[in-house]
Amino acid sequence: AVVSTQSTGGAEVSEIDLNPSDFFNALKDYKEQIDLARVARNEIESDDTSSIESDLRAESEEEMNEYMRELEEQLKGTTLGESFEKGKDGELDIDFNLVSNILNSFSADSGLEGPASSILASLGVHLPRNEDN
């Protein structure tokens, strides 16, 4: 509830007395209304769900294919693709390239905190510092 309102330099500033119990009850009621609306919507659309999901998957796949075509077109004139390692089958080895790039970045940090060590630490991986460099 708004306790008082003051005008300060043309702006109104309200002091609010927030009752946590009322606030959480309002949130609970709102969540229940949303849940009921979802249940009602699912009952109405249950017959169409599988076709809608199928359409969304196809649309998403087509969008991704279009994105990849545009990306390939933009990178066509560059040598970026040559910087990646390929597997035995000639396909891009994503796992190897990821690990290789993270380790190269970690090495470039020269024992200091950097992007690679921060990412690895957030994953619970703590590599020893390279004492040879």
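Reader: How much of the protein is made up of buried residues?

Author: In this predicted model, buried residues make up 5% of the 133 residues in the protein. The outer surface can be read beside that figure: the protein exposes about 11600 Å², and carbon and sulfur atoms supply 54% of this area.

Reader: Which helices and strands does the protein have, and in what pattern do they follow along the sequence?

Author: There are 4 helices and 2 strands. Read along the sequence, the pattern is β-β-α-α-α-α. Helix H2 covers residues 49-75, helix H3 covers 94-108, and helix H4 covers 115-122.

Reader: What share of the contacts joins residues 24 or more positions apart?

Author: Among contacts with a separation of 6 or more, residues 24 or more positions apart account for 4%.

Reader: How should salt bridges be read, and how many does a search of the whole structure find?

Author: The general idea is that side chains of opposite charge can pair when their charged atoms come close. In this structure, the search finds 3 salt bridges. Arg69 takes part in a salt bridge with Glu62, where the closest N and O atoms are 3.1 Å apart. Arg69 also meets Glu66 in a salt bridge, at 2.9 Å from N to O. A further salt bridge pairs Glu73 with Lys76, at 3.1 Å from N to O.

Reader: Which residues are joined into one network by salt bridges that share partners?

Author: Glu62, Glu66 and Arg69 form that network. Within the network, Arg69 and Glu66 both lie in helix H2, 3 residues apart, about one turn of the helix.

Reader: Are the residues of these salt bridges exposed or partly exposed?

Author: The network residues are partly exposed: Arg69 has a relative accessible area of 43%, Glu62 has 43%, and Glu66 has 33%. Glu73 and Lys76, in contrast, are exposed. The cut-off for that class is over 50% relative accessible area.

Reader: How is a pocket found, and what volume does the largest pocket have?

Author: Rolling a probe the size of a water molecule over the atoms shows where empty space is left. Here the largest pocket has a volume of about 250 Å³. The residues that line this pocket are Met68, Leu71, Glu72, Leu75, Leu80, Gly81, Phe84, Lys86 and Leu92.

Reader: How do the residues of that lining divide into nonpolar, polar and charged?

Author: The lining divides into 6 nonpolar, 1 polar and 2 charged residues.

Reader: Where is the place of Phe84, one of the lining residues?

Author: Phe84 lies in the loop between H2 and helix H3. With 31% relative accessibility, Phe84 counts as partly exposed. Once neighbours within four places in sequence are left aside, Phe84 is in contact with Leu92 and Asn97. Leu92 is also among the residues lining the largest pocket. The C-alpha atoms of Phe84 and Ile94, which are 10 residues apart along the chain, are separated by 8.5 Å.

Reader: Is Asp109 buried or exposed, and which residues does Asp109 touch?

Author: Asp109 is buried, because its relative accessible area is 12% and the cut-off for burial is under 20%. Asp109 is found in the loop between H3 and helix H4. Not counting residues up to four places away in sequence, Asp109 touches Gly114, Pro115, Ala116 and Ser117.

Conventions: Residues numbered from 1 in each chain as written. Predicted model: local features only at pLDDT ≥ 70, side-chain atom pairs only at ≥ 80, totals over all residues. Heavy atoms only, no water. 1 Å grid on protein atoms, 1.4 Å probe; cavity = no way out; pocket = protein on both sides within 12 Å on 5 of 7 lines; lining within 4 Å. Points joined across faces, edges and corners; volume = space filled by probe spheres on them. Nonpolar A, V, L, I, M, F, W, Y, C, P; charged D, E, K, R; others polar. Buried < 20%, exposed > 50% of the residue type's maximum accessible area, 1.4 Å probe, protein only. Contact = heavy atoms within 4.5 Å. Areas by Shrake-Rupley, 256 points an atom, 1.4 Å probe, with all protein chains shown as cover. Salt bridge = Lys/Arg side-chain N within 4 Å of Asp/Glu carboxyl O.
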